[in-house]
Amino acid sequence: MATDDTPHLPGAHEPMPEGEEAPPKGVKTMARVRWGILIGLSIFALVMIIGYFGLFAGGGQQAAAQKYYCPMHPTYITDKPGECPICGMDLVLMPDSGKAPEVEEPTATAPSGGMAGMPGMEAPSGAKPSGATAGLESFEVPGTAEVTIEPQRLQLIGIQTAKVERRSLGEKITLAGYVAADETRTQKVTIRTGGWVKELFVDKTGQYVSAGQPLLSIYSQELYQAGQDLLVAKKSADQKAADTSLTTMRRQLLEAARQRLRLLGLSDKDIAAVEQTGTAPATITLHSPAAGYVLEKSVSP
């Protein structure tokens, strides 16, 4: 059995008092990292809380106050950058005043009274120059709206302006046109009853007809029934009655039957012929209301 002859020293293997032990390597570094992370998270949380409750209202209003406008169309204002939907130009940030700057007067002068940047583009007579961007000039005519166009766009769309004046063209000009009849001197003949065309007396477009000339005859069951009613009313009205009210009613029925035939297109002469002959007409003849030429024929026998 081996024996340890090392003398025993009291307190030789006892731990050092607390606070006197040597710390492991990297402990201080990790402690600094932990404190840095804790401080950073605290600051971030504080900023988020302040922003949530609107404590930075001044900064939010400043960001919301940013507006953009179109230099060509100052009335178009939006809170987002981009292009103008009217002309396609890039929007410009509005100044701190919150108002789009007025268009400056052009510095360039156009030769021969033309638009700035567009030689030969004259202003309308009596027009007053108004504000325009550099290289542009617009004219305000009383009673009209102001129009301002870029010179480049004018060249693309090929627009030229000139003063209105009365002068001889000096050259022969060939133009396309249409000849139309005067609407105030045209007549339209329509059929007022159901039926079909029995005979067509005028069957050509462009044919000349005189006033009162027969145009076509129509067979109509409705016309025939109206003629029969006229004959019955005529026969009843011709009968003598002691009661004056009955005689008056019969005369009213006769006049109503005549009026119905007039509405169907018969003249007073045709109605008188029906009463004299005692035969109800099965056909009606339409006559030309005026003299002229046939422009359109939309019926056939």
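Colleague: Before we dig in, what counts as a disulfide here?
Modeller: A disulfide is a pair of cysteine sulfur atoms within 2.5 Å. Keep in mind that this is a predicted model.

Colleague: Thanks! How many disulfides does a search of the whole structure find?
Modeller: Zero disulfides turn up in the whole structure.

Colleague: And C84, which cysteine sulfur is nearest to it?
Modeller: That would be the sulfur of C70, 3.5 Å away, and C84 is in no disulfide. C84 also counts as buried, at 3% relative accessibility.

Colleague: What about C87, where is its closest cysteine sulfur?
Modeller: In C70, at 3.6 Å, so the two sulfurs are too far apart for a bond. As for accessibility, C87 has a relative value of 16%, so C87 counts as buried.

Colleague: Switching to strands: in what order do they sit in the sheet?
Modeller: The order is β2-β1-β3, an open sheet of three strands with antiparallel pairing. The edges belong to β2 (77-78) and β3 (92-93); each has a single partner strand, so one side of each has no neighbour in the sheet.

Colleague: How many bridges join β1 and β3?
Modeller: Two bridges, in the antiparallel sense, with β1 covering residues 68-69. Within that pairing, Y68 stands opposite L93 in β3.

Colleague: Nice. On to charges: how many salt bridges does the search find?
Modeller: Eight in the whole structure. Side chains of opposite charge can pair when their charged atoms come close.

Colleague: Which residue does K204 pair with?
Modeller: K204 forms a salt bridge with D203, and their closest N and O atoms are 3.5 Å apart. D203 is partly exposed, with a relative accessible area of 41%.

Colleague: And how far apart are D238 and K234 along helix α4?
Modeller: They are four residues apart in helix α4 (residues 221-238), so about one helical turn separates them. Their side chains meet in a salt bridge at 3.7 Å, N to O. D238 counts as exposed at 52% relative accessibility, while K234 is partly exposed at 23%.

Colleague: What's the N to O distance for E275 and R258?
Modeller: The closest N and O atoms of E275 and R258 are 2.6 Å apart, and the two form a salt bridge. This pair links distant parts of the chain, 17 residues apart: E275 lies in helix α6 (residues 268-277) and R258 in helix α5 (residues 244-263).

Colleague: Are those two buried or exposed?
Modeller: Both E275 and R258 are buried.

Colleague: Last one: which residues are linked with them in a network of salt bridges?
Modeller: E255, R262 and D268 join E275 and R258 in that network.

Methods
Residues numbered from 1 in each chain as written. Predicted model: local features only at pLDDT ≥ 70, side-chain atom pairs only at ≥ 80, totals over all residues. Heavy atoms only, no water. Pairing = 2+ DSSP bridges. Buried < 20%, exposed > 50% of the residue type's maximum accessible area, 1.4 Å probe, protein only. Salt bridge = Lys/Arg side-chain N within 4 Å of Asp/Glu carboxyl O.
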